[in-house]
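Visitor: I am new to this structure and should be grateful for a close look at a single part of it. Would you please take the sheet and the helices that accompany it, and then place them in their wider setting?

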Amino acid sequence: MSAPSMTAASAAVYLDHASTTPVDARVALAMAEVLNSETEFGNPASVSHDYGDIAGSLVEQARRQVAAAVGAGPGEVVWTSGATEANNLALFGVAHYYRERGRHIVTARTEHKAVLDPCRELERRGWQITYLIPDRDGLLDPNQVAAALRTDTVLVSIMHVNNEIGVVQNIGAIAAMCARHGSAWLHVDAAQSVGKCPIDFAGLGVDLMSLSGHKVYGPKGVGALVVSERKDGPRGGRVQLAPLVYGGGQERGLRAGTLATHQIVGMGLAFELAASISSTETVRIARLQRRLWQGLASIGGALRNGSATHSVPHLLNVSFEGVEGESLLAAVRPHLAVSTGSACNSALAEPSYVLRALGRGERLSESSLRFGLGRTTTDADIDTAIAVLSREVPRLRNIAGTQSARATSALPAP
Amino acid sequence: MNYNEVTRRYFESPANVGELSGPGVFRGAAGKREEGTWVQFDLQCVSGTLQAARFLAFACPHTIAVSAWLAEQSVGKTVTRTLPESVQELRDRFDVPVDKMGRLLIIEDAWLAAAVPAIDYRG
């Protein structure tokens, strides 16, 4: 089977960096060196020869790089296949290890599916889950977390940067609530955070943190769960996990399986590069985002989703009134690679549950676009995005007969 | 979702978008914008022959393309109690996924709501 092809001339402008990022050329080179090396192919767990030691040292170097980027200790980094596995390890690991102490978990409705789906499965297995509802800006009040904690709560799982709307939760305050309550570990999905905003794992008082390689210009297929070695956690000791995968005892027995040296080397370098990105890059992205929003707002009937102040500049989520979701995506697809707020490709369309949780109606949730800006994004890309949407949104409103009223909800029912 | 060539063409450049008014104009609509699909046809008929047609659609690309095609292809033809082309033929022409068949029925309802009263109109 052949993959769809895309010529350089027809390639759409890539504005989906929140979905994944291109691998940094320096990262790709480092990975290729490992793959092509005659001395670095060893099993990192092999301690009986130099081949294993060389691979092992590369893995440990990457561990230090990742740890340094998030303010953790190298011994706290557990390699996984990605943030999804890290989230699963955190949720199932805590739930099963502490199942005799309590079977209650607190999370939010706007979490990634990689948190919500394990929570649903735990519910099916008898755990109780409290799903917090954020305000209309997507923000949680730390007091909501405090109010949800019970004597049998073993885990709070709240993401740092939301993957759809870019909102940044006040993790420090939530961690303080968990510590004060004294019964629950805190897991943070930080897949969208690295390179976009500062992270201080130790300083925040977080117990578990999920990380992803490919969101940070690293390779797909590798991630990490940072597991705190603090011994003064809320249960009076360090957090413990029941492993998901058995068979070899790698990664302190938390994640068995031969480590993928080249993937890990790539993630390590990607995190080091992300941590070294200067503040001028963040300022540049913020300027591009402001320019994009100003351009889209001038179309009229464009509603920004999520807090404009408590968010990373790399994400902008906008709903367009009076436009049907699938048509909007189809109209922009030849020109822009963006994500839609809807899985609207069939009669079984499912509007974004994140936007629905923020109180957006079904139609506005479907007619949203997520713009993910990144290192490759240029002023010309932003100009293209504004031009395409300034042409297509009014065109679709004209076809829909909504051009004058704009707001779908304001129109009389046909 | 991928669309075939005719769907993309009529979605990207639909003719006959809009509304008609005046004598001999019959309007039919079906669906609801609030539910994601709404289609309206304005058909202008004289002695059972379609003189002009316009459409509006708050809908997916398939629905817009089919509505545009109907409004374009039917002018000059006799108005009947059926769609100018059957739902199954439209489905094949536009490669409409089976889970969108309901949207073709909305188009049919909107078309017939305008067409049936027009059949006997003699101006």
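Guide: Let us begin with how far the model may be trusted. The model is predicted, and chain A has an average pLDDT of 92, with 92% of its residues scoring at least 70. Two stretches of chain A call for caution. Across residues 343-348 of chain A the pLDDT stays under 50, although the model gives this stretch 15 contacts beyond four places in sequence. The pLDDT is also below 50 over residues 405-414 of chain A, a stretch with 25 contacts in the model beyond near neighbours in sequence. Where pLDDT is low, the predicted coordinates should not be read in detail.

The part chosen for the close look is the sheet of chain B. It is an open sheet of three strands in the order 1-2-3, with antiparallel pairing. Strand 1 (25-32) and strand 3 (49-58) of chain B are the edge strands, each of them pairing on one side only. From one strand to the next, the twist averages 15°. Strands of a sheet pair through backbone hydrogen bonds, either parallel or antiparallel. Nine bridges join strand 2 (residues 37-46) of chain B to strand 3 of chain B in the antiparallel sense. In strand 3 of chain B, F58(B) serves as the bridge partner of W38(B).

A helix accompanies this sheet. Helix 2 (residues 61-73) of chain B packs on the sheet and touches strand 2 and strand 3 of chain B. The direction of helix 2 of chain B makes about 165° with that of strand 3 of chain B.

Helix 2 of chain B also meets another helix. Two packed helices are described by the angle between their axes and the distance between the axes. The axes of helix 2 and helix 4 (residues 101-118) of chain B cross at roughly 35° and come within 10 Å, and the crossing is right-handed. From helix 2 of chain B, the residues H62(B), T63(B), V66(B), S67(B) and L70(B) meet R103(B), L104(B), I107(B) and W111(B) of helix 4 of chain B. By class, this contact between helix 2 and helix 4 of chain B comprises five nonpolar, three polar and one charged residues.

Helix 4 of chain B also holds L105(B). Because L105(B) has 13 other C-beta atoms within 10 Å, L105(B) is partly exposed. A distance of 13 Å separates the C-alpha atoms of L105(B) and K32(B), which lie 73 residues apart along the chain.

The wider setting includes chain A. In all, 23 residues of chain B are in contact with 18 residues of chain A. On the side of chain B that touches chain A, strand 1, strand 2, strand 3 and helix 2 of chain B each supply at least two residues. Strand 3 of chain B gives the largest share, three residues. The residues on this side of chain B divide into 15 nonpolar, three polar and five charged.

Chain A itself offers a strand to set beside the sheet of chain B. Strand 2 (residues 77-80) of chain A is covered on both faces, with V77(A) and W79(A) buried on one side and V78(A) and T80(A) buried on the other. Strand 2 of chain A runs antiparallel to strand 8 (residues 223-227) of chain A, to which four bridges join it. One of the paired residues is V77(A), whose bridge partner in strand 8 of chain A is V226(A).

Key: Residues numbered from 1 in each chain as written. Chains lettered and ligands numbered in written order. Predicted model: local features only at pLDDT ≥ 70, side-chain atom pairs only at ≥ 80, totals over all residues. Pairing = 2+ DSSP bridges. Axes fitted to C-alpha atoms, helices over the stretch in contact; angles between N-to-C directions. Contact = placed C-beta atoms within 7 Å. Buried ≥ 20, exposed ≤ 12 C-beta atoms within 10 Å, placed from the backbone. Left-handed = near helix turned anticlockwise from the far one by under 90°. Nonpolar A, V, L, I, M, F, W, Y, C, P; charged D, E, K, R; others polar. pLDDT = per-residue confidence, 0-100.
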